[in-house]
Amino acid sequence: MTFAATILTLYPEMFPGPLGHSIAGRALDEGKWALETLQIRDFATDKHHTVDDTPAGGGAGMVMKADVLAAAIDAALERQPDAPVLAMSPRGAPLTQQRVRELSAGPGVTILCGRFEGFDERIFEARPVEEVSVGDYILSGGEIGALALLDACIRLLPGVMGAASSGDEESFEQGLLEYPHYTRPQEWEGRTIPEVLRSGDHAKIASWRKRQAEAITRSRRPDLWERYSSASDQSPSGAQRDKAKDE
Ligand code: SAH
């Protein structure tokens with residue numbers, strides 16, 4: 001089954017953009033995913049193809065019209081009734097690797113890209129739309145967020161990354177940031193690769209990497225660390241660890 005992405009945008013020429021290259025580009029050529037863009041403006045019914053209007057209550061900028069958005073969403077739903085409809089929005093739930101995994105296991109996604117000040121709020125009541133954010137900062141439009149979301153999904157599709165890298169050990173997959181990587185030369189500008197990585201002792205290497213991943217997560221992302229350590233406290237090994245700490 002091909003993962004099908006439908007993008008609702010005022011800038012269809014931005015796609016596939018960077019996703020036409022490298023891993024995602026190859027997968028697109030091979031039919032492992034498919035892309036269709038719908039120009040939101042084509043769903044405007046007035047002579048000037050108006051997609052936005054001034055905000056009710058006043059204020060700066062323009063708001064994307066609910067009637068036009070609904071027509072575009074309905075067209076996408078007709079094509080792909082089973083694909084979730086995601087709207088790019090800084091107010092949405094922050095995108096996580098877990099959500100990316102779920103999406104990539106499904107039939108595809110429809111992504112609504114905002115522009116201007118965003119969407120008429122009523123669209124979220126009237127259509128099954130999930131708001132998704134790519135981070136706590138403001139982009140000028142949803143297209144770059146959509147590209148990021150798609151890229152994250154595509155690399156997880158079967159056969160896209162190759163057997164060597166299932167991605168299971170990557171940052172976020174175990175609730176931790178990834179351990180540090182090194183490659184040759186063994187010495188560079190007076191800095192050496194940690195000895196353990198040259199030991200050939202796989203168990204020792206695995207435990208070193210786990211400790212590194214935990215230390216990096218604890219210092220850089222207290223939020224992730226909190227979740228990880230409370231989850232492992234509930235497991236038998238976590239309970240033992242706590243007991244050891246108390247003694
Ligand atoms: N006025 C809005 C921002 C609008 S930015 C607010 O303050 O919340 C214009 C469009 O860019 C948004 O509709 C959305 O589609 C996209 N966008 C901006 N930042 C984003 C983010 N962090 N995540 C996902 N989409 C974003």
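This talk walks through a predicted model of one protein chain, from its domains to its ligand and its backbone.

I begin with the overall layout. The protein falls into two domains: domain 1 covers 3-154, and domain 2 covers 187-246. Their C-alpha centres are 38 Å apart. One residue of helix 5, Ile154, deserves a brief mention here. Ile154 is buried, at a relative accessible area of 0%. In sequence, Ile154 and Gly108 are separated by 46 residues, and their C-alpha atoms are 9.8 Å apart in space.

Let me turn to the cysteines. How many disulfides does the count come to? The count is zero. Cys113 takes part in no disulfide, and the nearest cysteine sulfur, in Cys153, is 14 Å away. Why is there no bond for Cys153? The closest cysteine sulfur to that of Cys153 is the one in Cys113, and because the two are 14 Å apart, they are too far from each other for a bond; the cut-off for a disulfide is 2.5 Å between the sulfur atoms. As for their surroundings, Cys113 is buried, with a relative accessible area of 0%. Cys153 is also buried, with a relative accessible area of 0%.

The next topic is charge pairing. The model has 15 salt bridges, and I shall describe some of them in turn.

The pair Arg99 and Glu102 forms a salt bridge in which the closest N and O atoms are 2.9 Å apart. Where do these two residues sit relative to each other in helix 3? They are three residues apart in that helix, which spans residues 97-104, so about one helical turn separates them. Arg99 is partly exposed, at 22% relative accessibility. Glu102 is likewise partly exposed, at 42% relative accessibility.

A salt bridge also joins Glu173 to Arg101, with 3.0 Å between the closest N and O atoms. This pair links distant parts of the chain, 72 residues apart: Arg101 belongs to helix 3, while Glu173 lies in the loop between helix 5 (143-154) and strand 8 (187-188). Arg101 is partly exposed, and its relative accessible area is 30%.

Another salt bridge is formed by the side chains of Arg115 and Glu143, at 2.8 Å from N to O. Here too distant parts of the chain are linked, over 28 residues: Arg115 is in the loop between strand 6 (108-112) and helix 4 (122-126), and Glu143 is in helix 5. Are these two partners buried or exposed? Arg115 is buried, at a relative accessible area of 15%. Glu143 is buried as well, at 0%. In addition, Arg91, Glu121 and Glu131 are joined into one network by salt bridges that share partners.

I now come to the ligand. Which residues come nearest to the ligand? There are 18 residues around it, and those that come nearest are Met88, Gly114, Gly135, Tyr137 and Leu139. Several backbone atoms approach polar atoms of the ligand. For Met88, a backbone N or O atom is 2.6 Å from a ligand oxygen atom. For Tyr137, a backbone N or O atom is 2.8 Å from a ligand nitrogen atom. For Gly142, a backbone N or O atom is 3.5 Å from an oxygen atom of the ligand. Taken alone, the ligand would expose 560 Å², and the protein buries 85% of that area.

Finally, I address some details of the backbone, beginning with cis peptide bonds. The bond from Phe15 to Pro16 is cis, with omega near -5°. Pro16 is located in the loop between strand 1 (3-9) and helix 1 (22-29). The bond from Arg184 to Pro185 is cis too, with omega near 5°. Pro185 lies in the loop between helix 5 and strand 8, the loop that also holds Glu173.

Positive phi angles are the last item. His49 is not a glycine, yet its phi is positive, at about 55°. His49 is placed in the loop between strand 2 (33-39) and strand 3 (52-53), and it is partly exposed, with a relative accessible area of 37%. Phe116, also not a glycine, has a positive phi of about 60°. The loop between strand 6 and helix 4 contains Phe116, and Arg115 is in that loop as well. Phe116 is partly exposed, at a relative accessible area of 41%, whereas Arg115 is buried.

Note on methods. Residues numbered from 1 in each chain as written. Predicted model: local features only at pLDDT ≥ 70, side-chain atom pairs only at ≥ 80, totals over all residues. Heavy atoms only, no water. Domains from an automatic or database assignment. Buried < 20%, exposed > 50% of the residue type's maximum accessible area, 1.4 Å probe, protein only. Salt bridge = Lys/Arg side-chain N within 4 Å of Asp/Glu carboxyl O. Helix = DSSP H or I, 4+ residues; strand = E, 2+ residues; numbered from the N terminus. Near = heavy atom within 4 Å. Polar contact = N/O pair within 3.5 Å; in protein donor to acceptor, adjacent residues only side chain to side chain. Areas by Shrake-Rupley, 256 points an atom, 1.4 Å probe, with all protein chains shown as cover.
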